[in-house]
Amino acid sequence: MSASVGRSNVDEECPVCFTSWDECSDSLQTPCKHTFCGRCIRRLLQDRNTCPLCRNPIDIEHCYPPGLLDGFKEKFDVEEGQLNEQFNYNYGPKPSKRQLITKGKRIFHPPYEWYKIAYNCLNLDVDMNWLSAPDMDNQWPIAYHGTLNRYVSSIFHEGLRVRTGDEVVHGQACGQGIYCAPRIQDACKYSTPTKIAGKKYNVVFLVRVRPGSYTMWDCMNMQMWVITNKEDVRITGVLLKPA
Ligand SMILES: [Zn+2]
Ligand SMILES: [Zn+2]
């Protein structure tokens, strides 16, 4: 097997198992632009953390479906400085053994099987305790906001806001506000697939919610947090999962 550094092998086949890309539904591309079947690259990275083709150091958390990152930037007219790729994260499959993680005194339910495209939160003119305070008191808990594909661009660029009139998708059951769910599968019920780089993805916004600012509702068998002031919710990333 041979490949020059930085040259994409995306048009061929998996260099490990020789499955053609037409037959592989879960291919992943490394930051050095080399593509493998998800299962091949996961197995190889268990023993070492370098790209099998070019030996660049890589980790599975930064391997994404080919074209997803560039396709997202193109589709949503992402500007320089809006994203911070070092915080991108491929959450991967649900582990068999799970540790309980809390963020801002709430249980964090990680978005397994989703790919995070991280916002550049360092742009915000505020101290960073809401994201990374070592003491839980100042940290903001994590939630998810699903939306119809036609709203993704405006939310991405302008943030979440309380929708009115015809835009309200949730009905009046829990009152007006910005709706977020602590479990991504609940938020995803409100998302409609959007096409990026030729594939359909569900899109859900990853957010942090100011402690004490929200009302908790058990709505149609799921938990929702309803926030009435848009200053109390901050987007930290966009999550994508093949639909
Ligand atoms: Zn393979
Ligand atoms: Zn490589």
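The following exercises concern a sheet, a nonpolar core and the confidence of a predicted model.

Residues are numbered from 1 along each chain as its sequence is written, and chains are lettered from A and ligands numbered from 1 in the order in which they are written. Because the model is predicted, local features need pLDDT of at least 70 and side-chain atom pairs count only at pLDDT 80 or more, while totals for chains, interfaces and linings use all residues.

**Exercise 1. The sheet**

Work out the strand order of the open sheet formed by three strands, and say which strands stand at the edges.

Solution.
- Strands are DSSP runs of E with at least two residues, helices are runs of H or I with at least four, and both are numbered from the N terminus.
- Two strands pair if DSSP finds at least two bridges between them.
- E8 and E12 are joined by three bridges in the antiparallel sense; here isoleucine 178 stands opposite isoleucine 227 in E12.
- E11 and E12 (residues 222–227) have six bridges, also antiparallel.
- Within E12, methionine 224 is the bridge partner of tryptophan 217, and valine 226 stands opposite threonine 215.
- The order is therefore E8-E12-E11.
- E8 (178–180) and E11 (214–219) each have a single partner strand, so they stand at the edges, with one side of each left without a neighbour in the sheet.

**Exercise 2. The hairpin**

Which residue in the hairpin of E11 and E12 takes a positive phi?

Solution.
- Two residues lie between the strands of this hairpin.
- Methionine 220 takes the positive phi, near 45°.

**Exercise 3. The core**

Locate the largest nonpolar core relative to domain 1 and domain 2.

Solution.
- A nonpolar core is a set of buried Ala, Val, Leu, Ile, Met, Phe, Trp, Tyr and Cys residues joined through C-beta atoms within 7 Å.
- A residue is buried if 20 or more other C-beta atoms, placed from the backbone, lie within 10 Å of its own.
- The largest core has 45 residues; among those with the most contacts inside it are Tyr144, Cys180 and Val207.
- Strand E10 (residues 199–209) gives the most, with seven residues.
- Domain 1 (1–63) and domain 2 (69–242), whose bounds come from an automatic or database domain assignment, both give residues to this core, so the core lies between them.

**Exercise 4. Confidence**

Where is confidence lowest and where is it highest among the helices and strands?

Solution.
- pLDDT is the predictor's confidence in each residue, from 0 to 100.
- The protein averages 88, and 90% of the residues score at least 70.
- Helix H3 (residues 129–132) is lowest, at a mean of 85, and strand E6 (residues 115–118) is highest, at 98.

Note on methods
Buried ≥ 20, exposed ≤ 12 C-beta atoms within 10 Å, placed from the backbone.
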